[in-house]
Amino acid sequence: MRQAPVHIAQFLLKTILPTEDAEAILGDIEEIAESKSDAKNPLHRDAVYVYEVLRSMPALALRNAELALGRIDTGHVLLLALSIAFVILWERGIAHVYAWPLSQATGDLLGLGALHACRWSYIFLSVSGLIAWLVTLRASAAYWPVLWKWLGTAPLLSVLCGCALAVYFMIRPDPTDGLLHRCFHILTTVIAGVAMYSVCRFNPERHVRPSDGPAANT
Amino acid sequence: MANYLGEFEIIVLAALVRLGDDAYGVSINDEIESRTGRTSSVGALYTTLSRLSAKGYVRSRLGEATPQRGGRAKKYFEITSEGLASLEQSARVLHGMLGGIAGWPQKAPG
């Protein structure tokens with residue numbers, strides 16, 4: 001029976017590299033661990049196994065980044081910007097407008113104080129923002145299958161991204177007014193406009209996976 | 001534009017040529033270690049093989065799964081004719097630079 005660190009190492013490797021290569025790599029590492037370790041000592045074998053997985057991590061992370069980033073061009077970057085802009089617009093234009101009145105009404109109805117109403121508001125903002133983020137990311141998947149596959153098959157990273165966004169919505173101060181707020185709106189509008197332009201010009205025929213062979217570089 | 005090979009790419013391609021049909025992760029690493037004394041991680045090897053595959057210099061196929069590998073299949077790699085041409089080109093470039101320096105090999109490759 002394998003030790004927990006082995007399973008954790010396997011999980012981490014498959015998270016970093018969610019492709020068919022992960023199985024081949026794990027098989028190779030298994031073979032190395034069998035040959036290099038003391039056959040009578042499973043603990044030693046597992047230690048070699050975990051060491052080899054950890055040793056492979058940096059290069060695999062780099063490779064995964066290459067697979068995703070290698071396909072990025074201006075259109076892709078701006079598509080991501082569009083997603084972010086959509087989330088910001090959603091949060092500020094829709095959720096923020098409806099969240100406060102809804103939370104206040106709920107708070108008044110239930111006899112809750114301002115603090116409770118504020119908490120309900122931010123929970124609403126977090127959930128709606130997260131949904132908007134996921135929907136836009138999924139919508140952009142038609143143009144960016146590698147990233148979507150990566151996020152979709154790398155649960156740890158997806159959860160971390162989602163948590164980071166939720167924490168942002170939970171802890172950020174209330175930017176109801178001020179110079180920063182206005183600058184944010186202007187910046188969002190500019191990003192959204194440029195992103196829409198890039199979407200209109202985007203040609204999916206030009207984008208193939210690096211693993212598709214030499215034609216990928218043409 | 002010429003697609004130049006990096007040092008480790010040259011080593012990996014040369015190992016593929018030497019190993020022929022039996023080139024997979026472990027055997028390639030063993031070959032490199034025995035001939036150069038250089039130890040690399042499996043991840044580093046697959047990263048390089050992936051780059052070479054993207055350039056069209058290497059092709060792969062899945063092999064048999066064995067109990068020794070935890071029931072996982074081997075992934076065999078094979079150099080393509082483009083890869084071989086690029087390896088020869090790199091060898092010529094290296095020889096052009098190193099040839100004539102006292103103490104270096106004088107025989108031209110290929």
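**Close-up 1. A salt bridge links A:E23 and B:R72.** In this predicted model, the side chains of A:E23 and B:R72 come together with N and O 3.0 Å apart. A:E23 belongs to helix α2 of chain A, while B:R72 sits in strand β2 (residues 72-79) of chain B, so this pair joins two chains. Side chains of opposite charge can pair when their charged atoms come close.

**Close-up 2. B:R72 also pairs with A:E30.** Stay with B:R72 for a moment and look towards its salt bridge with A:E30. Here the closest N and O atoms are 3.8 Å apart. Between chain A and chain B the count is 5 salt bridges, and the structure holds 13 over all chains.

**Close-up 3. Chain A meets chain B across an interface that buries about 2100 Å².** Carbon and sulfur atoms give 51% of that buried area. What share of the area that chain A buries against chain B do A:D28, A:E31 and A:R55 supply? These three residues provide 26%, more than any other three. In terms of contacts, 27 residues of chain A touch 24 residues of chain B. Polar contacts are here too: 9 residue pairs are found across the interface, with both residues at pLDDT 80 or more.

**Close-up 4. Helices α1, α2 and α3 of chain A face chain B.** The elements giving two or more residues to this side of chain A are α1 (4-16), α2 (21-36) and α3 (42-69). Which of them gives the most? That is α2(A), with 12 residues. Sorted by class, the residues on the side of chain A that touches chain B comprise 11 nonpolar, 5 polar and 11 charged.

**Close-up 5. Within chain B, helix α2 packs against helix α3.** Now we turn to a contact inside one chain. Helix α2 (residues 25-36) and helix α3 (residues 42-55) of chain B pack at an angle of about 100 degrees, and their axes are 10 Å apart. Angles of 65 to 115 degrees count as roughly perpendicular, and α2(B) and α3(B) are therefore roughly perpendicular to each other. On the α2(B) side, the contact is made by B:G25, B:I28, B:N29 and B:I32. Their partners on α3(B) are B:V42, B:L45, B:Y46 and B:L49. How many nonpolar, polar and charged residues does this contact have? It has 6 nonpolar and 2 polar residues, with no charged ones.

Technical notes. Residues are numbered from 1 along each chain as its sequence is written. Chains are lettered from A and ligands numbered from 1 in the order in which they are written. This is a predicted model: local features need pLDDT of at least 70, side-chain atom pairs count only at pLDDT 80 or more; totals for chains, interfaces and linings use all residues. Side-chain values use heavy atoms; hydrogens and water are left out. Axes are lines fitted to C-alpha atoms, for helices over the stretch in contact, and angles run from 0 to 180 degrees between N-to-C directions. Helices (H or I, at least four residues) and strands (E, at least two) are DSSP runs, numbered from the N terminus. Angles under 35 degrees count as roughly parallel, over 145 as roughly antiparallel, 65 to 115 as roughly perpendicular and the rest as oblique. Contact means heavy atoms within 4.5 Å. Ala, Val, Leu, Ile, Met, Phe, Trp, Tyr, Cys and Pro count as nonpolar, Asp, Glu, Lys and Arg as charged, and the others, Gly among them, as polar. Buried area is the accessible area (1.4 Å probe) that two parts lose on being put together, summed over both. A salt bridge is a side-chain nitrogen of Lys or Arg within 4 Å of a carboxyl oxygen of Asp or Glu. A polar contact is a pair of N or O atoms within 3.5 Å; within protein, one must be able to donate a hydrogen and the other to accept it, and residues adjacent in sequence count only if both atoms are side-chain atoms.
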